[in-house]
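Hi,

Here is the structure I promised to pass on to you. Please have a look at it first; my notes on what I found follow underneath.

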Amino acid sequence: MAQTIVEAIDVWKDFEPVEVLRGVSFALAKGETLVVMGGSGSGKTVLLRLVAGLIRPDAGQIRVFDHAIERLSEEDLLLFRRRMGFVFQGAALFDSLSVYENVAYPLREHTSLGEAEIRERVVRNLSLVGLGSEVLGLRPAELSGGMKKRVGIARALSVEPEVLLFDEPTGGLDPTNAKLVGELIRELRAGVCDTAIVVTHDIELAKAVADRVAVLIAGRFATLGPVAAVLETTDTAVQAFLAGEAR
């Protein structure tokens, strides 16, 4: 049986007066990609931030690498965050830093590597996402939307994560670049990081990368299962959501 990397057990979270998550549970096994879908404001990103320990649940438990993290101190949480790579919505690059410094940032913060080793790892991670050394000196404002996403993924790979967390990785991209990002996520599974949670509203991305799909409606998973089963569900709320996203 595959190791469980992330587990949520009856997780609740509200931001007064709105109940965002209302008893969400799931388990993510090593080697699996779980795609979490839902409408705008449905709590997808909140769930991802809970897994990363950036916020805490009001009730329930979040287990990462078989440890409950919801009551850990910030210092103890760092030990787990170093094993996770977070790809933020919109890439969230530092505008004042070059591509090189953006990708190097986690290495400077969390390792004691020398400059030669940092440069080697930065160049390697950029090559993994299809970017060459010619982009090292560029600032985020000089990059296309697709390139920014790739740099964001390269930065997340800097800590050599055991699980990747993607927040709307194709958001704001044209169909061609969105397809390329989906292909990249799939390629990373082959040898870089084989476990991921992907938050998205992009049905085509879900089809391309998911082992299982969960659809978040009204604070709960309306369905959770293999891609084909979810797409063929008879649940009317899920059908309405999927039909709306397909349009």
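Phe-86 has Leu-165 in E7 as its bridge partner. That pair belongs to the parallel pairing of E6 with E7, residues 163-167, which runs over four bridges. Please keep in mind that this is a predicted model.

Where does this pairing sit in the wider sheet? E6 and E7 begin the order E6-E7-E8-E3-E9-E10 of an open six-stranded sheet with mixed pairing. The edges are E6 (84-87) and E10 (220-226), each of which pairs on one side only. On average, and ignoring direction, neighbouring strands in this sheet are turned by 15 degrees against each other. As general background, strands in a sheet pair through backbone hydrogen bonds, in either a parallel or an antiparallel way.

Two helices that lie across strands of this sheet may interest you. Helix H1, residues 44-51, lies across E3 (33-38), E6, E7, E8 (196-200), E9 (212-217) and E10. Its direction is at about 155 degrees to E8. Helix H5, residues 145-157, lies across E6 and E7, and runs at about 165 degrees to E6.

I looked at H5 in some more detail. From first C-alpha to last, its 13 residues reach 19 Å, close to the 18 Å expected at 1.5 Å a residue. Is H5 mostly covered or mostly open? It is mostly covered, with 10 of the 13 residues buried. Among the buried ones are Gly-146, Val-151, Gly-152, Ile-153, Ala-154, Ala-156 and Leu-157. The charged-residue names on the buried list include Lys-149, Arg-150 and Arg-155. And what covers the buried residues of H5? The cover includes the strands E6 and E7, together with helices H3 (99-110), H4 (115-128) and H6 (175-189).

There is also some antiparallel pairing to point out, starting with strand E1. E1 (residues 4-15) pairs with E2 (residues 18-29) in the antiparallel sense, over nine bridges. A hairpin through two residues joins E1 to E2. Within this pairing, Val-11 has Val-24 in E2 as its bridge partner. E1 also pairs with E4 (residues 59-64), again in the antiparallel sense, here over five bridges. In that pairing, Glu-7 stands opposite Arg-63 in E4.

If you open the model in your viewer, the Phe-86 and Leu-165 bridge is a good place to begin, and from there you can move on to H5, which lies across E6 and E7.

Best wishes

Conventions. Residues are numbered from 1 along each chain as its sequence is written. This is a predicted model: local features need pLDDT of at least 70, side-chain atom pairs count only at pLDDT 80 or more; totals for chains, interfaces and linings use all residues. Side-chain values use heavy atoms; hydrogens and water are left out. Two strands pair if DSSP finds at least two bridges between them. Axes are lines fitted to C-alpha atoms, for helices over the stretch in contact, and angles run from 0 to 180 degrees between N-to-C directions. Contact means heavy atoms within 4.5 Å. The expected span of a helix is 1.5 Å times one less than its number of residues. Buried means under 20% relative accessible area, exposed over 50%, partly exposed in between (1.4 Å probe, protein chains only).
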